[in-house]
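Work through the exercises below with the sequence and the 3D view open. Try each task before reading its solution.

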Amino acid sequence: MVAVALTMLITIPLFLRYFGAERYGILATIWVFFGYFSVLDFGMGPALVNFLSQPDRQESEAASKVFWTALIVNAVIGVAVSVVLIVALLASQALGAFAPGAIRDELFRALPWLLLMLPVSLVYPILVGALDARRLFGIANANQVLGTVIGQALPLLAILVVKPTLTVAIAGTVLGRAFSATGLLFVCVRKLELTRPCFERPIVTTLMSFGGWVALSSGIGLILDTADRLVIAAMLGGPSAAWYTISYNVVTRARVLPQAIARTLYPQVSADPAGGAKTLTASARIMALLLIPVLTAGMVLIDPLCVLWIGAEAAASVVPVARIMMLGIYANCIAYIPLVLMQASGTPKRVAKIHLWETPVFLVVMYLAALHFGIIGAALAWSARLMADTIILLWMTKLRRILFLNVLLQPLVMMAGLAIAVLLPGGWPMKASAVALLLIGWAVIDTLIARRAVAGVSLLTIATWVHARMGAGRPRTAS
């Protein structure tokens, strides 16, 4: 996480300086656009984790058949979709409308590289999923961090050394992802003791029967999560897309914590849903205790840090958007708890239906918000959707204690931090001091509430024990 954050801190100002806001905005939009098509793996990654986590599928031969079958299917899907997509782009001349003049020519020259981007991206979930199923999280995380760093650094290095064009930047992106995927494949072959590649058609049906609903949910979720950036790029242009994307990339780093928890507990919940659900519930409080102080302090500190990082002019556009997004990202982090519970316990269908109902409402609201209020409106729509999604998922899984404490009450602290950042007069040192006092008060109140909860549970346990003991001493009557 630290390495990824440091890479962003270093690379984004350099991208803006040597690559330009317009080209960087288009490059970021291309990443989002191709991210849409990553859902065409039919949920093979989560299905592979669920399949290999079962106790009767631990042996090397069975794991090899599942792994190679899933990998081959995703690679073939990636190549086929890439060919169809690029032919459609050329036939419709969409690239001409998407980018002007010289930038359009750079995109045309990058088409061969774009052809390779999706197949490389689609095999990645299979590689990570195989390691997760075997609880090799440290190795998977290290490779993912390395891949993210290379994915940011290599395109920047390419435009600095070769030429600052989209063609060179896209080539660097693809090479970085390919390098990371190759390293993960080598690790999977060694750690899982995989045999030679093979393909089993019945396994495809088994994986898709589970992964189909996961893929549908992921696809809808991807649309919900990224439609704002595509609309901004189309409606407001490259610079607005760049500022919005920078805000998004900064704030969504908070997802590292829930994603790590979800990846760790997903195999456990798949093998033992009842035991895993208790662990997930405890994880919600841990996430709240870690995220609330960081995001509340971030409401104030993001302003001077962004001025120092990307300059006062860019910070003026980035900071308001990032502050709004912090409210949404907190709710989104909590949403990983019911999401993992529903998917790993074999009910991904419910998640897909929830996201399906959310989609048309969000798209209309987001479009109108961006049309009338620009990137601020898009950020408001994005955060509101994440809050609503979290409330619905927690209600559906009957995790209502988490809903009340961590989603309805805890964000009030962040809103108070936002009010301090925006309304309190004075410089950031005074505002930071006020936020520090706010967090101290929050910590005291949260501790008192936790102690009362523990005391209540203890009294209930004692009363239950006494009642059981008294009942044990009474003579039993025949039934």
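The exercises on this predicted model go from the whole chain to single residues.

**Exercise 1. The whole chain**

Task: Describe the secondary structure, burial and surface of the chain.

Solution:
- Start with secondary structure. The chain has 18 helices and zero strands.
- Next, burial. Of the 479 residues in the chain, 49% are buried.
- Then look at contacts between residues at least 6 apart in sequence. Of these, 83% join residues at least 24 apart.
- Finish with the surface. About 22,400 Å² is exposed, and carbon and sulfur atoms supply 71% of that area.

**Exercise 2. Two helices side by side**

Task: Work out how helix α14 (residues 312–344) and helix α17 (residues 411–423) are oriented, and which residues make their contact.

Solution:
- Take the geometry. The two helices pack at about 175 degrees, with axes 11 Å apart.
- Apply the cut-off. Angles over 145 degrees count as roughly antiparallel, so α14 is roughly antiparallel to α17.
- List the contact residues. Helix α14 supplies Arg-323, Met-326, Leu-327 and Tyr-330. Helix α17 supplies Pro-411, Met-414, Met-415, Leu-418, Ala-421 and Val-422.
- Sort them by class. The contact of α14 with α17 has nine nonpolar residues, no polar ones and one charged residue.
- Relate the spacing to helix geometry. An α-helix has 3.6 residues a turn, so residues three or four places apart point the same way.

**Exercise 3. Two hydroxyl side chains inside helices**

Task: Decide whether Thr-296 and Ser-383 are buried or exposed, and find what each one touches.

Solution:
- Place Thr-296. This residue lies in helix α13 (residues 273–310).
- Check its accessibility. The relative value is 0%, so Thr-296 counts as buried.
- Find its partners beyond four places in sequence. Thr-296 touches Val-413, Met-414, Gly-417, Val-435, Leu-438 and Leu-439. One of these, Met-414, also belongs to the contact of α17 with α14.
- Place Ser-383. This residue lies in helix α15 (residues 348–396).
- Check its accessibility. At 3%, Ser-383 is buried.
- Find its partners, again beyond four places in sequence. Ser-383 touches Ile-324, Met-325 and Gly-328.

**Exercise 4. An enclosed helix and a glycine**

Task: Explain why helix α3 (residues 44–52) is described as largely enclosed, then say which residues Gly-129 touches.

Solution:
- Count burial in α3. Eight of its nine residues are buried, so the rest of the structure largely encloses this helix.
- Name them. The buried residues are Met-44, Gly-45, Ala-47, Leu-48, Val-49, Asn-50, Phe-51 and Leu-52.
- Move to Gly-129, in helix α7 (residues 111–133). Its relative accessible area is 4%, so Gly-129 is buried.
- Read its contacts beyond four places in sequence. Gly-129 touches Leu-48 and Val-49.
- Compare sequence and space. Gly-129 and Asn-50 are 79 residues apart in sequence, but their C-alpha atoms are 9.0 Å apart.

**Exercise 5. Aromatic pairs**

Task: Classify the ring pairs Phe-15 with Tyr-24 and Phe-67 with Trp-68.

Solution:
- Begin with the total. There are four aromatic pairs.
- Take Phe-15 and Tyr-24. Ring centres are 5.2 Å apart and planes meet at 35 degrees, so this pair is tilted. Both residues are buried.
- Take Phe-67 and Trp-68. Centres are 5.1 Å apart and planes are at 80 degrees, so this pair is edge-to-face. Both of these residues are buried too.
- Look for a cluster. Ring pairs link Phe-15, Phe-19 and Tyr-24.

Terms used:
Residues are numbered from 1 along each chain as its sequence is written. This is a predicted model: local features need pLDDT of at least 70, side-chain atom pairs count only at pLDDT 80 or more; totals for chains, interfaces and linings use all residues. Side-chain values use heavy atoms; hydrogens and water are left out. Helices (H or I, at least four residues) and strands (E, at least two) are DSSP runs, numbered from the N terminus. Buried means under 20% relative accessible area, exposed over 50%, partly exposed in between (1.4 Å probe, protein chains only). Contact means heavy atoms within 4.5 Å. Accessible areas come from the Shrake-Rupley method with a 1.4 Å probe; for residues, only the protein chains shown count as cover. Axes are lines fitted to C-alpha atoms, for helices over the stretch in contact, and angles run from 0 to 180 degrees between N-to-C directions. Angles under 35 degrees count as roughly parallel, over 145 as roughly antiparallel, 65 to 115 as roughly perpendicular and the rest as oblique. Ala, Val, Leu, Ile, Met, Phe, Trp, Tyr, Cys and Pro count as nonpolar, Asp, Glu, Lys and Arg as charged, and the others, Gly among them, as polar. Rings of Phe, Tyr and Trp (its six-membered ring) pair if their centres lie within 6.5 Å; planes under 30 degrees apart count as stacked, over 60 as edge-to-face and the rest as tilted.
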